[in-house]
Amino acid sequence: MFQRHFHAQDTDLIIASHPKTGTTWLKSLLFATVNRFNQPKNESALLKHHPHELVYRLENNVYGEAFEYPRPQHLNELPSPRLLNTHMPYNSLPGSIMSSGCRVLYISRNPLDTVVSFYYFMLDLLKKMVHEKQFINTSLEDFFEDFYNGRSVHGPFFEHVLGYWKASLEHPDKLLFLKYEDLKKDPVNHVKKLAEFVGVPFSPQEESEGVIQDIIQLCSIKNLKELEVNKSGVFNKYYDKKSYFRKGEIGDGIQQLAPSMVERMNKLMEEKLEGTGLSFECISQS
Ligand code: PAP
């Protein structure tokens, strides 16, 4: 549905990601940055809505069969620029995304933290889907094996990341490639970069008034996690709002996975990323 029917507009801003790599965070930062002129920090819609209700996932929220809202026609009602999201691999994107003037922001994360984050999220989700009892018995080790072997809902992790990485090198004005770890370590410069990329750079006055820091604070996991709107409730029947905010740290993968699993993943990463110019830090602790 999404592939066949979605037509990107030149002004669209589309967040692309493999699941559990920082999508919710980037949705919040992008939303707060783009809407900072009409929504001062204490009036931000982020205070009343979950980030996933403000930036729709196209293949799921918009074009998904089994989900509640919105429907494709609502896309036309979104204010410009439309902020949208997809977990689709680069090769599966509807053609209009690359042929139109829209911008794509991809967020990536080291595979160890991603797989652990993904496991806990799926565990929570599938506990709600009683017919998936089998998965509930799945261990982190089994989930890791599937992920390691490329058996993942949105395709193999490294192919997902590399598809967008290569596209970002070929089309740097069209596709901004971000890393969760970089955002954590240097949020100010990355939020500045993001704002420039989407055409709303911060003015010197905004910088001196601390507008960037306010956005970072608003979108911090500590802040979002404590908001009533993100603490309870579900959307699309099964998705617990709070399940999108877990630890938000670098290094959880190292803590939770056996050393042999870490070693195998690091080796696979080395092989897959060799010669691409892309690397992830998997060993740092937050
Ligand atoms: P999604 O792909 O289903 O939308 P996504 O938001 O990409 O999920 O990933 C969730 C991860 O981002 C969680 O990581 P963890 O399991 O290792 O803790 C979640 O905690 C983290 N996260 C969510 N919001 C933020 C935030 N504001 N800052 C930093 N990390 C965040």
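On a 1 Å grid over the protein atoms alone, a pocket is defined as an open set of points with protein on both sides within 12 Å along at least five of seven lines, and a molecule is assigned to a pocket if more than half of its atoms lie within 2 Å of the grid points of that pocket. In this predicted model, the largest pocket is the space taken by the ligand. Local features require pLDDT of at least 70 and side-chain atom pairs pLDDT 80 or more, whereas totals for chains, interfaces and linings use all residues. Residues are numbered from 1 along each chain as its sequence is written, and side-chain values use heavy atoms, with hydrogens and water left out.

The ligand is surrounded by 21 residues (a heavy atom within 4 Å), of which Thr 23, Thr 24, Ser 117, Lys 247 and Gly 248 come nearest. Among the helices (DSSP runs of H or I, at least four residues), α2 (23-34) and α15 (221-226) each supply at least two residues of this shell. The largest share, three residues, comes from α2.

Polar contacts (pairs of N or O atoms within 3.5 Å) with oxygen atoms of the ligand include a polar side-chain atom of Thr 24 at 2.4 Å, a backbone N or O atom of Lys 247 at 2.6 Å and a polar backbone atom of Thr 21 at 3.1 Å. The ligand taken alone exposes 640 Å², of which the protein buries 98% (Shrake-Rupley method, 1.4 Å probe).

Cys 102 is buried (under 20% relative accessible area, 1.4 Å probe, protein chains only), with a value of 0%, and Cys 219 is likewise buried, at 1%. The count of disulfides (pairs of cysteine sulfur atoms within 2.5 Å) is zero.

Key:
Buried < 20%, exposed > 50% of the residue type's maximum accessible area, 1.4 Å probe, protein only. Polar contact = N/O pair within 3.5 Å; in protein donor to acceptor, adjacent residues only side chain to side chain. 1 Å grid on protein atoms, 1.4 Å probe; cavity = no way out; pocket = protein on both sides within 12 Å on 5 of 7 lines; lining within 4 Å.
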